[in-house]
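Here are my notes on the model you sent. They are set out as numbered points, with a few questions answered along the way.

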Amino acid sequence: IGVAAFILVRSPKNSHPQEKEAESNSIMHWVKQLIPLFKNKTFIILAIANFLMVGSVEGFADSWGINYLALGAGIAKPDAALITSLIFLGMLIGAPLLSFIADKTQAHFKLTSLCGVLMALSVAALLMNPDWFSIGGLKALMIFIGILSGYQALVFAIGEGLVPKHLSNISIATLNCINMFGGAFFHGIIGKVMNF
């Protein structure tokens, strides 16, 4: 999809001069746009937090949650799959809800931090002993973790606000790349921990 978009998607011909279009399609142009992002300490901290926080969603919900609940709590795999998928239902609620709260309170950083702490505590409780929770409790916990995972919408908004307007798209794309890289990283780490 990325290669096809790179080859096929172009700005309208009348949007800017031809030489500017050629410059904006060069690799060096994109590298030059990344430099200011990684000179911004707040952006780097945001990117690292985004990388670390994504583990509960990407690592647990996408890959290992079903096996963990099946083996750790003795839940049948179809039921474990349903319970784990509730994280994504929570995200559907959390992203707009957290965005609304952050816009009303103008506390994007604090709300993102709170989500990170609550998510860490929730996932830690689940990993320490899944037997602490009834089936209904596990479902509620998964929805709660999903709501907290809506922090990702806040991260993109914060990242966009940290850079000049002409770099907003690249900042969001970079944060999304780091987010996906975090997911791939945590898939492997969680698998190794579970095997151990």
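1. Is C115 buried or exposed? C115 is buried, because its relative accessibility is 2% and the cut-off for buried is under 20%. C177 falls on the other side: at 55% relative accessibility it counts as exposed. The number of disulfides comes to zero. Keep in mind throughout that this is a predicted model.

2. Overall make-up. The chain contains ten helices and zero strands. Read along the sequence, the pattern is α-α-α-α-α-α-α-α-α-α. The C-alpha atoms fill a box of roughly 65 × 40 × 30 Å along the principal axes. Of the 196 residues, 37% are buried. Take the contacts with a separation of 6 or more: residues 24 or more positions apart account for 74% of them.

3. Aromatic pairs. How many are there? The count comes to five. Take F51 and F181 to begin with. Their ring centres lie 5.8 Å apart, with the planes at 25 degrees. The pair is stacked because planes under 30 degrees apart count as stacked. F51 sits in helix α4 (residues 41-53) and F181 in helix α10 (residues 168-195). The pair therefore ties together parts that are 130 residues apart in sequence.

4. Burial of that pair. The two rings belong to residues with contrasting labels. F51 has 16% relative accessibility, so it counts as buried. F181 has a relative accessible area of 54%, so it is exposed.

5. A further partner for F51. F51 also forms an aromatic pair with F185. Here the centres are 5.3 Å apart and the planes are at 40 degrees. This pair is tilted. F51 lies in α4 and F185 in α10, so the pair ties together parts that are 134 residues apart in sequence. F185 has 37% relative accessibility and so counts as partly exposed.

6. The cluster. Which residues join F51 in one aromatic cluster? They are F181, F185 and F186. When checking this region, view F51 in α4 together with F181 in α10, then F51 with F185.

7. G182. This glycine is also found in helix α10. Its relative accessibility is 0%, so G182 counts as buried. Leaving out residues up to four places away in sequence, G182 touches F51 and V54. F51 thus appears again, this time as a contact of G182. A distance for reference: G182 and L34 are 148 residues apart in sequence and 19 Å apart in space, C-alpha to C-alpha.

8. Packing of α9 on α10. Two packed helices are described by the angle between their axes and the distance between the axes. For helix α9 (residues 151-161) and α10, the axes come within 8 Å. They cross at roughly 140 degrees. The crossing is right-handed.

9. The residues at that contact. Which residues of α9 meet α10? They are Q152, V155, F156, G159 and E160. On the α10 side are S168, S171, I172, L175, N176 and N179. The contact divides into four nonpolar, six polar and one charged.

10. Backbone at Q106. Most residues other than glycine have a negative phi. Q106 is not a glycine, yet its phi is positive, at about 55 degrees. Where is Q106 found? Q106 is in the loop between α6 (77-105) and α7 (108-128). Its relative accessible area is 60%, so Q106 is exposed.

11. P78. This proline lies in helix α6. At 61% relative accessibility, P78 counts as exposed. P78 and G161 are 83 residues apart in sequence. In space, the C-alpha to C-alpha distance between P78 and G161 is 42 Å.

Definitions and conventions. Residues are numbered from 1 along each chain as its sequence is written. This is a predicted model: local features need pLDDT of at least 70, side-chain atom pairs count only at pLDDT 80 or more; totals for chains, interfaces and linings use all residues. Side-chain values use heavy atoms; hydrogens and water are left out. Rings of Phe, Tyr and Trp (its six-membered ring) pair if their centres lie within 6.5 Å; planes under 30 degrees apart count as stacked, over 60 as edge-to-face and the rest as tilted. Helices (H or I, at least four residues) and strands (E, at least two) are DSSP runs, numbered from the N terminus. Buried means under 20% relative accessible area, exposed over 50%, partly exposed in between (1.4 Å probe, protein chains only). Axes are lines fitted to C-alpha atoms, for helices over the stretch in contact, and angles run from 0 to 180 degrees between N-to-C directions. A crossing is left-handed if the near helix is turned anticlockwise from the far one by less than a right angle, and right-handed if clockwise. Contact means heavy atoms within 4.5 Å. Ala, Val, Leu, Ile, Met, Phe, Trp, Tyr, Cys and Pro count as nonpolar, Asp, Glu, Lys and Arg as charged, and the others, Gly among them, as polar. A disulfide is a pair of cysteine sulfur atoms within 2.5 Å.
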